[in-house]
Structures are given as structure tokens and as C-alpha cells.
Amino acid sequence: ALRVGAGLVTVASLPEHLLPVTSTRPELMFRALRDVCDVADAMANADVIAVGPGLGQDAWAARMLGAVFEHRRPGQRIVADADALNLIASEDSRMRLDDWVLTPHPGEAARLLGTNVADVQHDRLATLRELCTQRGGVIVLKGAGTLIGAQGQVPRLCDHGNPGMSAPGMGDVLTGAVAGFLGQSEKSFEAAAAAVYTHAVAGDHCARLGLRGLLALEVAQELRVVLAQMP
């Protein structure tokens, strides 16, 4: 999120994560989450909330996610990924919002729709349409040829990216990029598409040195370079 130009990023997590976060990334602010009562304070001044990466799927995680939706104020947008998507799929098959951004990979998309990965991959465009209908908001269906969709919008296909970007943490970098772009634009669909494109091109830049061993952090660092080269 910082690498794409977010002005201030705060990590909200368990108190014991304070030192691991702030000692390695002094650019980040930190808010301790001990229970649901801390969530509202952590969200109070945020324009965008990214939730899911590293959250877990236990009872504490479910309470935290529920508090995010309960305490968000009007106009405050949410990017949901990873464990947040799995919790949404398991907790509420009917949950639908018009102003969130969901970034599922094929497995998460299958769980959100109550189907299987083979069906998702058989017709990714149909899957995208169904996710937009059932879940609302902007959907980023990750994978080879990432698709971005929203009801009333012509879907977009990203033709950048490479197999090296299947490395762990790569989706988390995209989540941060989407959140960062959302914080700079009122147009969620365009912001999500811009984030996907920038993330994919950054991955292609890194892949010039080879696909094997490509790390998510390297792609995050390259986001700033890609943006600087854009007109």
C-alpha cells in the first residue's frame, strides 16, 4: 500500500506483533487488537480497510472480521482477501456488499460460490459474473489472466504477470496495492484494475532475472518503479 502511494498505513493485529512489524518496517503505524472493542478505534480514521491476510480462521478472527463490518462508517471501503474470504464463505453464503473489493484466487472463489476449483477454471468469465451477482462490489479473480469485474462494467483482463508470481505472499502484495489505489480514487473498479496491472507489470520486471526464486517482497518494492515509469 505504501509503495503505490498510500499516505499512511496502520497495521492492526495482536499486541505481540508490535515489535516484529515496527522493528522491520518503521514506516508502518501499529494498533493492537485485543478484542472487538479495539477494532472501531483502529478503523476510526481509515479511508480503506484491507482485511484477511494473516487473519486466521479461528473464533478470534471471526469476531474481528465481524467487527470490521459492524463498525465501518459510510464511505469506508473494504478490501477482503485470504482468510477474510474463507470466513465470509463459511459464515454467510448470502453476504453481499456493493462497495467492497474481493480478491479471490480460484480456490477462494470456489468456496464463495459453493462450487469447486475445476468449475471455476473451466469458465473464469462466467465465474466472475456469478461472483459479481452473488457478492456485489468489485471482484478480482486472480490467476493466469486475472479478471476484474463489477456489475455494469465491461470486465477487464490483465495480460501481464508470470508463473513466478505464484510464490507465497504475492496475493497479499496485491491486496495492499488495491487498498493503496482505493485510498487515492473514488472509482473502485478503476482503482482495482490499476492495482492489478501495476502488480503484474512489477512481477514481470522482477522476472527478468528469472522466474525461480521470485519473492513477493521484491514485487512490492518494484511497484514504485512501475508507477514512476507510467505517463
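Visitor: In this predicted model, does A82 count as buried or exposed, and why?

Guide: The general idea is to compare the relative accessibility of a residue with a cut-off, and buried means under 20%. In this predicted model, A82 has a relative accessibility of 16%, and therefore A82 counts as buried.

Visitor: Where along the chain is A82 found, and what is its phi?

Guide: A82 sits in the loop that runs between β4 (77–80) and α4 (83–91). Its phi is positive, at about 50 degrees, although A82 is not a glycine.

Visitor: How many residues of α4, the helix after that loop, are buried?

Guide: A general point about helices helps here: an α-helix has 3.6 residues a turn, so residues three or four places apart point the same way. In the case of α4, seven of its nine residues are buried, and the helix is mostly covered. The buried residues are D83, A84, L85, N86, L87, I88 and A89.

Visitor: Which elements cover the buried residues of α4?

Guide: The cover includes the strands β3 (48–51), β4 and β5 (100–102), together with the helices α3 (59–71), α5 (106–113) and α7 (124–135).

Visitor: How should I read V120, and where is its place in the chain?

Guide: V120 has its place in helix α6, which is made of residues 117–122. With a relative accessibility of 1%, V120 counts as buried, because the cut-off for buried is under 20%. If we leave aside its neighbours within four places in sequence, V120 is in contact with P106, A109, A110, T115 and T127. As for V196, V120 is 76 residues from it in sequence and 20 Å from it in space, C-alpha to C-alpha.

Visitor: Is G7 buried or exposed?

Guide: G7 counts as exposed, because its relative accessibility is 78% and exposed means over 50%. Its place is in the segment before β1 (10–13). Between G7 and A44 there are 16 Å in space, taken from C-alpha to C-alpha, while the two are 37 residues apart in sequence.

Visitor: How does one look for empty space in a structure, and what volume does the second largest pocket have here?

Guide: Rolling a probe the size of a water molecule over the atoms shows where empty space is left. The second largest pocket of this model has a volume of about 610 Å³. Two elements, α8 (170–182) and α9 (188–206), give two or more residues to its lining, and α8 supplies the largest share, four residues.

Visitor: How many residues line this second largest pocket, and which lie nearest its centre?

Guide: The lining is made up of 28 residues, and K142, G143, M165, S166 and M170 are those nearest the centre. Sorted by class, the lining of the second largest pocket holds 11 nonpolar, 12 polar and five charged residues.

Visitor: Turning to the whole chain, how many helices and strands are there, and how compact is the chain?

Guide: The chain has 10 helices and eight strands. Its radius of gyration is 17 Å, close to the 17 Å that the globule rule gives for 231 residues, so the chain is as compact as a globular protein of that length. Along the principal axes, its C-alpha atoms fill a box of roughly 45 × 40 × 30 Å.

Visitor: What percentage of the residues of the chain count as buried, and what area does the chain expose?

Guide: Of the 231 residues, 48% count as buried. The chain exposes about 11,700 Å², and carbon and sulfur atoms supply 53% of that area.

Conventions
Residues numbered from 1 in each chain as written. Predicted model: local features only at pLDDT ≥ 70, side-chain atom pairs only at ≥ 80, totals over all residues. Heavy atoms only, no water. 1 Å grid on protein atoms, 1.4 Å probe; cavity = no way out; pocket = protein on both sides within 12 Å on 5 of 7 lines; lining within 4 Å. Points joined across faces, edges and corners; volume = space filled by probe spheres on them. Nonpolar A, V, L, I, M, F, W, Y, C, P; charged D, E, K, R; others polar. Rg over C-alpha atoms; globule rule 2.2 N^0.38 Å. Buried < 20%, exposed > 50% of the residue type's maximum accessible area, 1.4 Å probe, protein only. Areas by Shrake-Rupley, 256 points an atom, 1.4 Å probe, with all protein chains shown as cover. Contact = heavy atoms within 4.5 Å.
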